[in-house]
Amino acid sequence: MQGMPWAPALLWAPALLWAAPALAVEGTVREQGTGNPIPDALVQVIGAASDAAPSGVTDLATTDSKGRFTLDAPPGTLLRVLAPGWAPAEARVPAEGRLDVWMKVAHGDSASSEIVVESDRDAPGQSEQHLDRERVLKTPGTFEDPVRLVQSLPGVTVTPEYSKTAGDIAVRGAAPGENRFFLDGIELPYLYHYNQYASVFHTRLLDELTLIPSTGPAQWGDVTGAVVDTRSAWEQPARPRGSANLNLVMGGAEIAVPLSDRWSVRLSGRRSYLDLAERDNPWYTAFPTFWDYFGRVEYHPDRQQSLGFLAFG
């Protein structure tokens, strides 16, 4: 009878000694709102599975370029994630499935913040108008085609409707045929489809646009009119993304997909479709027919250099 009080303690001893086994957990650290991965984030263990209070801090893992990490920890373990410029985030290891940690950009004096300083670039010509992506995308009146913003710039006029030069522009009195258009240094025969209705490439590809109305630098050769120099986007996509658009005249889509840490592919295509339902007559063109495509396989050895294999028509 003297040993009876110890029996409950002996029965509970295995439960006190048992601990949840460590599991291999895969997780990602992303920006809240955009879902962009956060590389080089430090994942720490700050709490045991059965207690939310810190039980000593242990560095466990660091995220890779895709924001991914792998750790061995029991379910319920409290983790803290730290990254420069981001507010600390906490999460618990789930019993099963992936662990997704979402972080917000840090604000305040205690955290570093990104400061963007903008300044006007030096123009190589006597006169130049430079439009970056933010400006051309947010300017109203372009009918979701930022390249049409060129038509509203000072000194630019649109050619008469249904003329033989429809689809071209006149700049500072120069004839439409005297202008030159470029995309990433490749000269284009014209800039717009069907009487300035749409640009000849998907506008989601546009990164910046420069108009040199006259007296251009020697790099453009013996041009006598204006130069419209457009540059496409080259940033490495963090994850697959795409878009589709449809209106009463044309439809199209574009997509950008990362193939690896350094390779990606960017595709787009558009076509008018009214001509599929009705044909024109010899005297009047009522149903426009136009199309364009763009495909580029990109290699990004680092953040300063990019190499591409392009198909464009």
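Let me start at Leu 307, which is found in strand β21, a strand here being a DSSP run of E of at least two residues, numbered from the N terminus. Before I go further, please keep in mind that this is a predicted model, in which local features need pLDDT of at least 70 and side-chain atom pairs count only at pLDDT 80 or more, while totals for chains, interfaces and linings use all residues. Residues are numbered from 1 along each chain as its sequence is written, and side-chain values use heavy atoms, with hydrogens and water left out.

Leu 307 counts as partly exposed because its relative accessibility is 46%, and on this scale buried means under 20% relative accessible area, exposed means over 50%, and partly exposed is in between, with a 1.4 Å probe and protein chains only. Together with Leu 259, Trp 263, Val 297 and Phe 309, Leu 307 makes a nonpolar surface patch of about 470 Å². A patch of this kind is made of residues with over 30% relative accessible area and no salt bridge, its nonpolar side chains (Val, Leu, Ile, Met, Phe, Trp, Tyr) being joined within 5 Å.

The strand of Leu 307 also brings us to the largest pocket, since β20 (291-302) and β21 (305-312) each supply at least two residues of its lining. That pocket holds about 990 Å³ of space, and 23 residues line it, those closest to its centre being Glu 235, Gln 236, Pro 237, Ala 238 and Arg 303. By pocket I mean an open set of points on a 1 Å grid over the protein atoms alone, where a 1.4 Å probe fits and where protein lies on both sides within 12 Å along at least five of seven lines; lining residues have an atom within 4 Å of a point. The largest share of the lining, three residues, comes from β20, and by character the lining divides into six nonpolar, seven polar and 10 charged residues.

Now to the charged pairs. The structure holds nine salt bridges, each defined as a side-chain nitrogen of Lys or Arg within 4 Å of a carboxyl oxygen of Asp or Glu. One of them pairs Arg 266 with Glu 298, whose closest N and O atoms are 2.9 Å apart. Arg 266 lies in strand β19 (residues 263-272) and Glu 298 in strand β20, so the pair ties together parts that are 32 residues apart in sequence. Are these two partners buried or exposed? Both Arg 266 and Glu 298 are buried, and salt bridges that share partners join them with Asp 184 and Arg 296 into one network.

Asp 184 deserves a separate remark, as it has a positive phi of about 55 degrees although it is not a glycine. Asp 184 sits in the loop between β11 (180-183) and β12 (186-188), and it is partly exposed, with a relative accessible area of 23%.

A second bridge, between Arg 241 and Glu 254, has an N to O distance of 3.3 Å, and it links strand β17 (residues 241-246) to strand β18 (residues 250-258), the two residues being 13 apart. Here Arg 241 is partly exposed at 35%, whereas Glu 254 is buried at 5%.

Finally, Asp 40, in the loop between β1 (23-31) and β2 (42-47), likewise has a positive phi, near 60 degrees. Asp 40 is exposed, with a relative accessible area of 56%.

Terms used:
Grid points are joined across faces, edges and corners, and a volume is the space filled by probe spheres set on the points. Helices (H or I, at least four residues) and strands (E, at least two) are DSSP runs, numbered from the N terminus. Ala, Val, Leu, Ile, Met, Phe, Trp, Tyr, Cys and Pro count as nonpolar, Asp, Glu, Lys and Arg as charged, and the others, Gly among them, as polar. Patches are made of residues with over 30% relative accessible area and no salt bridge: like charges are joined within 9 Å, nonpolar side chains (Val, Leu, Ile, Met, Phe, Trp, Tyr) within 5 Å. Accessible areas come from the Shrake-Rupley method with a 1.4 Å probe; for residues, only the protein chains shown count as cover.
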